[in-house]
Amino acid sequence: MNILGISAYYHDSAATLVRDGKIIAAAQEERFTRKKHDHNFPHNAVRYCLAEGGITGGSIDAVAFYDKPLTKFVRILETYFSVAPYGLQSFMMAIPLWLKIKLWIPLQIEKALKACGIDRIDNIYFPEHHESHAASAFYPSPFAEAAMLTMDGVGEWSTSTLGVGRGNRIEILQELRFPHSLGLLYSAFTYFTGFKVNSGEYKLMGLAPYGKPKYTRQILDNLLDLKEDGSFRLNMEFFGYLNSLRMTNDRFSDLFGGPPRKPESQITEREMDIASSIQAVTEEIVLRMARHAHDRTGLKNLCLSGGVALNCVANGRLLREGPFENIFIQPASGDAGGSLGAALFVWHMLHDQPRNPDGKHDAMMGSYLGPRFSDDEIQDYLDFHQYPYTKLDPDTWAGEIARLVADEKVIGLFQGRMEFGPRALGDRSIIGDARSTKMQSTMNLKIKYRESFRPFAPSCLEERVSDFFELDRPSPYMLIVADVKKERCLIESNPAARDVPFGERINQARSDVPAITHVDYSARIQTVTRETNPKYYDLIKAFEGMTGYGIIINTSFNVRGEPIVCTPEDAYRCFMRTEMDYLVLESFLLDKKEQPQFQDNEDWLATYELD
Amino acid sequence: MNTKMPKNTSQAIWNWKSSDRNTKSAAARPPLTGPFIGLAVGATVAALFYYFGHFIMTAVVAVISLSLFSCAVFYPRGYRVIQVFLQKFSFLVGQTLTWVLLMPFFYLGFSFGRLMQKMTGKDPMTRDLNQDSNSYWVAHQPVSDKEQYKRLF
């Protein structure tokens, strides 16, 4: 039975194909359209998923859309009812779109599938938004039973839910309802600190360790009423998202001593302290919610999903201080993962099909669920354009690339299936030497063209993770932050080193793997196994053989504001526009120095909207 | 349903050879479907004017239609400029109409609704804080009927 899951029309549109309960393919629309967080109907992602599943025509058994559009529409109308006569501008932007497109989703689905040769859809299902999130975490998890927490901006009415999954059934027990939302609270601070909402949240998280949590009390006393069980209500007198196009209002600005930071302007200590404070509050809420979920269910496993579950600092704390023994976090926790959850929900819940979790392995296949490209196709492309390359022998592939990494070269690595979710996990990555002291600023300023404070994450051999970090378990999806081992830290014992100015702190060498050690001595870890990604594992293993370090830098293969590359063409373009030294396209190695002058026919720095 | 493994999955999303060809041919000769449709519509309107005896209008419509079509065939760059102008103009008209229709609806309908909510003391946004309560969690209403999952609400 083929089930196509679709998420669309908010942000991060995506499609997933599930066949008899197995995830065949999943991809985000942004990768194909090259428009970050693309919210339009995922025509390209649907076409890809059907092609990957070999579905070329006829009918499809079921389509699952990730939320209930009419219920959401009613919530939006009720919001306008409760704020009128304010809210006209938002109303004028939202309503025409709803009337024209969003209320006709079954028609949109039929039209899109018709274009792919599918002339009949047997059933279209609409699970609730948070059911889709919960399903996306529980069904692929290794657990037979688990508590479930979903936390995001808003779905229909729910903003956070608590539930339980057993066997093939999931049940949502409790919820928090709009407008009281942890996701929107975090987004309000993202807006206030000058980053883009629904996109720049991870920057706020990265900025937090530079500041001190000075405003924590102010937030807890004024902005929300937080209960012991993690539930809360926001004081809407400080927020603007009900009745305007702004997330916060003047009262909010007064509370934090001035207006929001203008995007791209200088980041001051105030923004760092605000980031640190809201991060501390978020962690506290997540911890309390988790404790409540544990009390309520009595289970030892937890499944997390929803956009807030991408807050890997909070996840790390939950792992260390929370009541659960095991945690599984859906790697595509944002709305893209809703397409996966909706499809699995239809298979397991509505068609009552069993699951077979083994307690150890999840069903996400490393999240490598997107398209791959063969050597033949790539060679054809390179030859056609006369781009010089060297074809690497499969036996020496890992060693050759590892040698370049050890020589402090920056390499674009393009191999295998594209990742599903916001993280590049070694198939669409830029890699470098984690031991290098210059690598963080080189990569930020010359390759990614992004803010210098942004940290880089490590890919580490799974069996070596405890040698480098205070972590005793796998973190295959880069969703957990843990501290670098104390004995590896260089200036931990010198408190004065923590009080130097912002600009200088960025460039301090803090450990023997400085490029991946954040200012608070933490790192966002990806553990790599041969089982899920043999080529990437072999590469790091070869690097370890040369240097003694089974760890490298891994950052997504894109520049700031650009979606992660999808095709070899995207990869080559990104390679030529930046100061990367080498590009690996499956078996082919391209040296920047040998490439012809690149004819760039667009002002790409202006093309990508900054987040 | 036809299910078979595709010869080349990636062609579904990365057909760079054909896109290169399309780009080149598109640059050389823009599609004439639009201008043809425009000419046909113009001819029909002109014929109607002629039928009802409005000869000046017939001439005006015919001249405009023929000029646009000739421009598309012989001077595509100029035609594109006209096209962009018409697109922007129609967008502007659409926007204006949307505001004219929806703004009174918002103020009359929603403000009245807000007034009613105030009078009845209802607040679907639950803006009041409840310091006495131990929890803000609310029970989730389970979906009792599988058929409900086939509905948009």
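In which helix of chain B does B:Val93 lie? In this predicted model, B:Val93 belongs to helix α4 of chain B, which comprises residues 76-120. B:Val93 is partly exposed, its relative accessible area being 37%, and together with B:Phe85, B:Leu86, B:Phe89, B:Leu97 and B:Leu101 it forms a nonpolar patch on the surface, for which the combined accessible area is about 620 Å².

The chain that carries this patch contains 4 helices and 2 strands, arranged from the N terminus in the order β-α-α-α-α-β. Of the 153 residues in chain B, 21% are buried, and the chain exposes about 11,500 Å², with 66% of that area supplied by carbon and sulfur atoms. When contacts in chain B between residues at least 6 apart in sequence are considered, 35% of them join residues at least 24 apart.

In chain A, helix α19 spans residues 534-547 and thus has 14 residues, with a distance of 20 Å from its first C-alpha to its last, close to the 20 Å expected at 1.5 Å a residue. The buried residues of α19(A) are A:Tyr536, A:Tyr537, A:Leu539, A:Ile540, A:Phe543, A:Glu544 and A:Thr547; because they cover an arc of only 160° around the axis, they lie on the same side of α19(A). The elements of chain A that cover these buried residues include α15 (397-406) as well as the strands β16 (411-414), β17 (428-432), β18 (457-461), β20 (522-528) and β21 (551-556). Just after α19(A), A:Gly548 adopts a positive phi of about 85°.

Key
Residues are numbered from 1 along each chain as its sequence is written. Chains are lettered from A and ligands numbered from 1 in the order in which they are written. This is a predicted model: local features need pLDDT of at least 70, side-chain atom pairs count only at pLDDT 80 or more; totals for chains, interfaces and linings use all residues. Side-chain values use heavy atoms; hydrogens and water are left out. Buried means under 20% relative accessible area, exposed over 50%, partly exposed in between (1.4 Å probe, protein chains only). Contact means heavy atoms within 4.5 Å. Accessible areas come from the Shrake-Rupley method with a 1.4 Å probe; for residues, only the protein chains shown count as cover. Patches are made of residues with over 30% relative accessible area and no salt bridge: like charges are joined within 9 Å, nonpolar side chains (Val, Leu, Ile, Met, Phe, Trp, Tyr) within 5 Å. A salt bridge is a side-chain nitrogen of Lys or Arg within 4 Å of a carboxyl oxygen of Asp or Glu. The expected span of a helix is 1.5 Å times one less than its number of residues. The arc is that of the directions from the helix axis to the C-beta atoms.
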